[in-house]
Amino acid sequence: MMQQYLGLKAQHPDVLMFFRMGDFYELFHEDAERAARLLDITLTTRGQSAGQPIRMAGVPHHALEQYLGRLVRLGESAVICDQVGDPNGKGPVERAVTRIVTPGTLTEAALLDERADAPLLAIASGRGVLGLAMLTLASGDLRLGHTTPAELATELERLRPAEILLPDDEGIDRLVPGETGPPLRRLSTWQFDAANGRRLLAEQLGTLDLGAFLPDGAEQAAGVRCALAAACALLGYARDTQRQALAHVRSLRYEQASDYLRLDAATRRNLELTETLRGESSPTLYSLLDVCACGMGSRWLRHALHHPLRDRERVAARHRAVAALLGEAADCPANGLAALLARVADVERIAARIALGSARPRELAALRDTLALLPAIQGAIPADAGRLEGIGAALTPPEEARSWLARALAVEPAAQVRDGHVIAPGHDAELDALRALDENCAEFLVEFEARERARTGIGTLRVEYNRVHGFYIEVSQAQSAHVPDDYRRRQTLKNAERYITPELKRFEDQALSARERAREREKRLYEDLLAALKPSVPTLQDIARGLAELDGLCAFARVALRADWRQPEFTALPLLEIGDGRHPVVAEQVQDFVPNDLSMHPGRRLLIVTGPNMGGKSTYMRQIALIVLLAHCGAFVPARVARLGPIDAIYTRIGAADDLAGGRSTFMVEMTEAASILHHAGPHSLVLMDEIGRGISTFDGLALAWAIARHLLARNRSYTLFSTHYLELAALAGEHPECANVHLDAVQHGQRVVFLHAVEEGPASQSYGIEVAALAGVPAPVLREARRRLDGLRAQQLAANLQPDLFAPQTSALAAAPASPHPAVEQLAGVDPDELSPRQAHELLCRLKALLATPDA
């Protein structure tokens, strides 16, 4: 047996091997020590190998899934070796590897998160390009694409793979997060072969050519070639782990950057789409929207939030579907559909397990009930000439599969086939006979005992059973002389004799084997049922996609109804107009959220956002980005009105965090993200820049913030919200007509400040830093000292502005040429103080101050 184990283990030296022995899965040697540490199970020893005790650790066979789930969550993989031979034969039972469980190749319901996918990603490299191939084995979703090394982090944040396959001799490792990211599997370079990948994909999809699936054009040839190489490794690895063909992978999509709004890795984190900045699952945009009735809808919703569409026709179709699902407020069709969708099974994953031959009886029962429910769901879908009509058409159940499930599967099957009573009575005559023999054993024995008493005239005759001697007829010693000639003695006791007859022996042979034969027959019939359902897998996948999208759209409608979200409007004009916009997550958590407007167009591309800390600048900026993102996902938005021109990307530089592992300070991280935005943002991009220039001296920070803002305005020409505490940046509006100042208002009462959270035109007058520190609980002596120091600094600044430089060289009045008036004086000469409002006067002072600070002036 150990020779058998070592031979199998040699094929998988780096993976934990679970070796079936009777009712346990055992691990040996180093695997046992590692499993004992990871799973907190007992480590023991038994026997010897090469003079050393054999270290062992094991888990009960019925609890295997539980332990595998713990391993997968730790990023570990496992090889499962099962008994495939006859346990009653001679010698060791034959064993073989039946499956390999890895984080990216999960299909078992117990190991998967119901509301999130666990995709497998392969990466192949070429000259300046990386090919990507991604497979979600639990659904059969296969996607290819390509990117650049600089954009890989963005793609990984978008795809969120559970496991990554890399070639073992190339330098992609430095581009992929190590300990903090998904587990990496290094494969031989020869497994990443583009020509073989093309052949494998054609075989998998049942086509002669991939022209219908891949983009053409010389500019994409290198990327497509790398993607095919990645697909070669991906399909080979997936087939090897499943130990069979992937019958449910029947479609392919080649994703391109132009399909979706560009969201870099920093933007996805900063907007807290599916995970907070602290790494928690809520409160996030996803946790707010996920009122989905089934896991398929939740997975569709998660994908939609990370893949906002640029195709406005597809987005508009979703908007119309959400509007139809809202209906009238008093009778929202989405609520009725949600009640029906809550009763559907996870058709997507069940279909995959049918194709892989691993679907369990109760999953098939749930599928049967779901197929029976589809006509009611179709009837509840409101009339809509667009997307909902297509979804309704996709929900037509396959009659062949429906018939097989109704005819062959028991009404309430057991959890496992080995438990019996999975196949419906009446489906198979042989199985019914075996079941009857097993279940009617007691009736036969009572009837047989009565016949034998009548035949022999022995009133005390009894027919009984024990596990040692089986069935027997017991007669007392006094009556033993009267037994018939066909009675054969089986056992002699002190006061009785036990006999067997040919008829009882025949019944014993049948009865004792009936249960086992019934289980074997039932197993074959169940396998036949799975085989009969496999042709319907593509139809079931279409049904699953329809149910998932319908559930996601219902979630959009139900949240819109509850939170009073409105349908956005797309326009070809270059503008962003939002009226009474709200942050979707924050507005749900505070009692009186203050809505705010936004107006941006070619004449107003950069907004300098000033105001106190805690005043709501970051919330205001994030809510604009989230409204734009939600609109492109097909959802309604938290605003009274939203008119959106063409948008191709959202970039954010928000928050402060260092990268200790990467050796980068907070300021370095900030500048790296800012540099990426300056290189990639374009005229149709929405850019959020929050407090650029922190962590260094005031003058350096101000200079950088000024230069970055001017570059975004003059070169990138993006729609930019630029929040800052450098009030000097307000002067940009005087130099550039496309720049405007807005601020978050606050009111000071004595030494306390009240935040109004309302966006007003013009710059802020002060930052209220000391007042915010008081709200944070900074001790009063510290605050008093800070105020004294602030007053002193202001006095110094005022004196520096008024006191002339006494040591500057003096120019003779006679020798000096007549000097032209200072630009500030020229501006003041043309101003009528009586015509200025307080706001205009404040803006004039800012412009004059900027002119005085200019060396050339």
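# Salt bridges, cores and two helices

At 36% relative accessibility, Asp 117 falls in the partly exposed class. Keep in mind that this is a predicted model. Asp 117 pairs up with Arg 299 in a salt bridge whose closest N and O atoms sit 3.5 Å apart, and the structure has 54 salt bridges in all. Below are a few of those pairs, then the nonpolar cores, a buried arginine that has no such partner, and a look at helices H1 and H2.

**Salt bridges**

- Arg 299 belongs to helix H9 (residues 295-306), while Asp 117 is in the loop between E6 and strand E7 (120-125), so their bridge ties together parts that lie 182 residues apart in sequence.
- Unlike its partly exposed partner Asp 117, Arg 299 is buried, at a relative accessible area of 4%.
- The pair is also part of something bigger than a single bridge: Asp 117, Arg 299, Asp 346, Glu 348 and Arg 349 are joined in a network of salt bridges.
- Arg 185 bridges to Glu 163, with the closest N and O atoms 3.1 Å apart.
- Here strand E11 (residues 184-187) supplies Arg 185 and strand E10 (residues 163-167) supplies Glu 163, so parts 22 residues apart in sequence are tied together.
- Arg 185 and Glu 163 are both buried.
- Arg 643 and Glu 577 make another salt bridge, their closest N and O atoms being 3.3 Å apart.
- This one runs from strand E22 (residues 641-644), home of Arg 643, to strand E19, home of Glu 577, so it ties together parts 66 residues apart in sequence.
- Arg 643 is partly exposed, with 22% relative accessible area, and Glu 577 is partly exposed too, at 30%.

**A buried arginine without a bridge**

- Arg 582 sits in the loop that links strand E19 (576-581) to helix H20 (586-589).
- Arg 582 is buried but forms no salt bridge: the nearest side chain of opposite charge is that of Asp 564, 5.3 Å away, and a salt bridge needs the atoms within 4 Å.
- What the side chain of Arg 582 does have is a backbone oxygen, that of Ala 563, lying 3.0 Å from one of its polar atoms.
- Leaving aside residues up to four places away in sequence, the contacts of Arg 582 include Ala 563, Asp 564, Trp 565, Phe 593, Pro 595 and Gln 623.

**Nonpolar cores**

- The largest nonpolar core has 129 residues, and the members touching the most others are Ile 354, Leu 364, Ile 377 and Leu 550.
- Helix H19 (residues 537-563) gives this core its largest share, 15 residues.
- A separate core of 34 residues includes Leu 142, Leu 214, Leu 234 and Tyr 254.
- Back in the largest core, Ile 354 is one of the best-connected members; beyond residues up to four places away in sequence, Ile 354 touches Ala 359, Leu 364, Leu 367, Leu 530, Leu 533, Lys 534, Val 537 and Leu 540.

**Leu 395, a buried loop residue**

- Leu 395 is in the loop between helix H14 (387-394) and helix H15 (399-408), and is buried at 0% relative accessible area.
- The C-alpha atoms of Leu 395 and Gln 378 are 6.9 Å apart, though the two residues are 17 apart in sequence.
- Not counting residues up to four places away in sequence, Leu 395 touches Leu 374, Ile 377, Gln 378, Ile 381, Ile 543, Gly 546, Leu 547 and Leu 550.

**Helices H1 and H2**

- In helix H1 (residues 2-9), the buried residues include Met 2, Tyr 5, Leu 8 and Lys 9.
- Viewed down the axis of H1, its buried residues fall within an arc of 125°, so they line one face of the helix.
- Among the elements covering the buried residues of H1 are strand E1 (16-21), strand E2 (24-28), helix H2 (29-39) and strand E4 (52-60).
- H2 buries His 29, Asp 31, Ala 32, Ala 35, Ala 36 and Leu 39.
- Those residues of H2 fall within an arc of 130° seen down its axis, so they too line one face.
- On the face of H2 turned away from the buried side are the exposed residues Glu 30 and Arg 37.
- The buried residues of H2 pack against H1, E1, E2, strand E3 (44-49), E4 and helix H3 (64-73).
- Asp 40 follows H2 and has a positive phi, near 60°.

Definitions and conventions. Residues numbered from 1 in each chain as written. Predicted model: local features only at pLDDT ≥ 70, side-chain atom pairs only at ≥ 80, totals over all residues. Heavy atoms only, no water. Helix = DSSP H or I, 4+ residues; strand = E, 2+ residues; numbered from the N terminus. Buried < 20%, exposed > 50% of the residue type's maximum accessible area, 1.4 Å probe, protein only. Lys, Arg positive; Asp, Glu negative; His and termini not counted. Polar contact = N/O pair within 3.5 Å; in protein donor to acceptor, adjacent residues only side chain to side chain. Contact = heavy atoms within 4.5 Å. Core = buried A, V, L, I, M, F, W, Y, C linked by side-chain atoms within 4.5 Å. Arc of directions from axis to C-beta.
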